[in-house]
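Me: I've got a model open on my screen and I'd like to go through the labels people put on it. Can you take me through the reasoning behind them?

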Amino acid sequence: MPSLTIRSFAELLNLPAHAQARILTEQKYPKQGPQSFKTPYYQQAISGIRAYYKAGNDFGQLALAASKIEAFKQESKRDHNLRILNSFKQSDLPGRKLHVAKTQHVTFKAEDVDLRFSPDLSGAESGTDRYLLLHYRAQPLHQELARTTLELAHWALESAGSAASPKQIEYVDLFTGVVHTIAKRRVSTISAAEQNLKIIKTLWPTL
């Protein structure tokens, strides 16, 4: 059965038809292709950021994560993870009092395609639930891609029974420091998503 992450699906929707096959192939065969574009590649940095919040905004946790990253034998992976930690420290995120909860993994089915959403950080801030996505790439996050991703993330949460509003979901661009949010979801985005899912269901067995 076809299965996509919300991030990859959002990227796919923002690409011309001829380029969509690459995203689908990467989702069907996750061990192939460049790993630096995939969330697990940055797992050590993400774990360090989560530990920072769980310890009550303790910078010592970031230093501990950095020391573990320094031991990586793969230079590119080491450099990218250190870049993420440094970008986090230079952003406004360290000043936020986020009570991080266990990572949520949401999966729902639409048009016989499994869509998966896992925020990088989720928890309560000033009594309100927050869902944060982090942009790791060493280039700015395009505003339209950020908006589409947030809309699809809200769709995923809603489909899983969550009453969270779109404003509770944020996409933080660690490259620029910009925090992307939306006030509401566009009907056109979900309509386009549903139409594309029908195409994906047809294309998936041919990949």
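**Labels and the values behind them**

Reply: Let's start with one pair: H99 has A124 in β5 as its bridge partner. Before going on, note that this is a predicted model, where local features need pLDDT of at least 70, side-chain atom pairs count only at pLDDT 80 or more, and totals for chains, interfaces and linings use all residues. Residues are numbered from 1 along each chain as its sequence is written, and side-chain values use heavy atoms, with hydrogens and water left out.

Me: What makes β2 and β5 a pair?

Reply: Two strands pair if DSSP finds at least two bridges between them. β2 and β5 (residues 121-125) have 2 bridges, in the antiparallel sense, so they pair by that rule. Besides the H99 bridge to A124, V100 is bridged to G123 in β5.

Me: And what counts as a strand in the first place?

Reply: Strands (E, at least two residues) and helices (H or I, at least four) are DSSP runs, numbered from the N terminus. On that count the protein has 7 helices and 8 strands.

Me: What does β5 pair with in β6, and in which sense?

Reply: β5 and β6 (residues 128-135) are antiparallel, with 5 bridges. One of the bridges joins L121 to L132 in β6. The two strands form a hairpin with 2 residues between them, and S126 in the turn has a positive phi of about 55°.

Me: Why are β2 and β8 said to stand at the edges?

Reply: The open sheet has 5 strands in the order β2-β5-β6-β7-β8, with mixed pairing. β2 (99-100) and β8 (179-180) each have a single partner strand, so one side of each is left without a neighbour in the sheet.

Me: Why is β5 described as largely enclosed?

Reply: Buried means under 20% relative accessible area, exposed over 50%, and partly exposed in between (1.4 Å probe, protein chains only). In β5, 4 of the 5 residues are buried, so the rest of the structure largely encloses this strand. Across the protein, buried residues make up 45% of the 207.

Me: How do you know whether T148 is buried or exposed?

Reply: T148, in helix α6 (residues 143-159), has 4% relative accessibility, so it counts as buried. Setting aside residues up to four places away in sequence, T148 touches A10, L13, N14, R186 and T189. Contact here means heavy atoms within 4.5 Å.

Me: What about K89: which class does its accessibility put it in?

Reply: K89 sits in helix α5 (residues 75-90). Its value is 42%, so K89 counts as partly exposed. Neighbours within four places in sequence aside, K89 contacts F59, L62 and P94. Its C-alpha is 41 Å from that of L207, 118 residues away along the chain.

Me: How do you know the protein agrees with a compact globule?

Reply: The radius of gyration is taken over C-alpha atoms, and the globule rule is 2.2 Å times the number of residues to the power 0.38. For 207 residues a compact globule would be near 17 Å, and the protein has 17 Å, so the two agree. The C-alpha trace spans about 50 × 40 × 25 Å along its principal axes.
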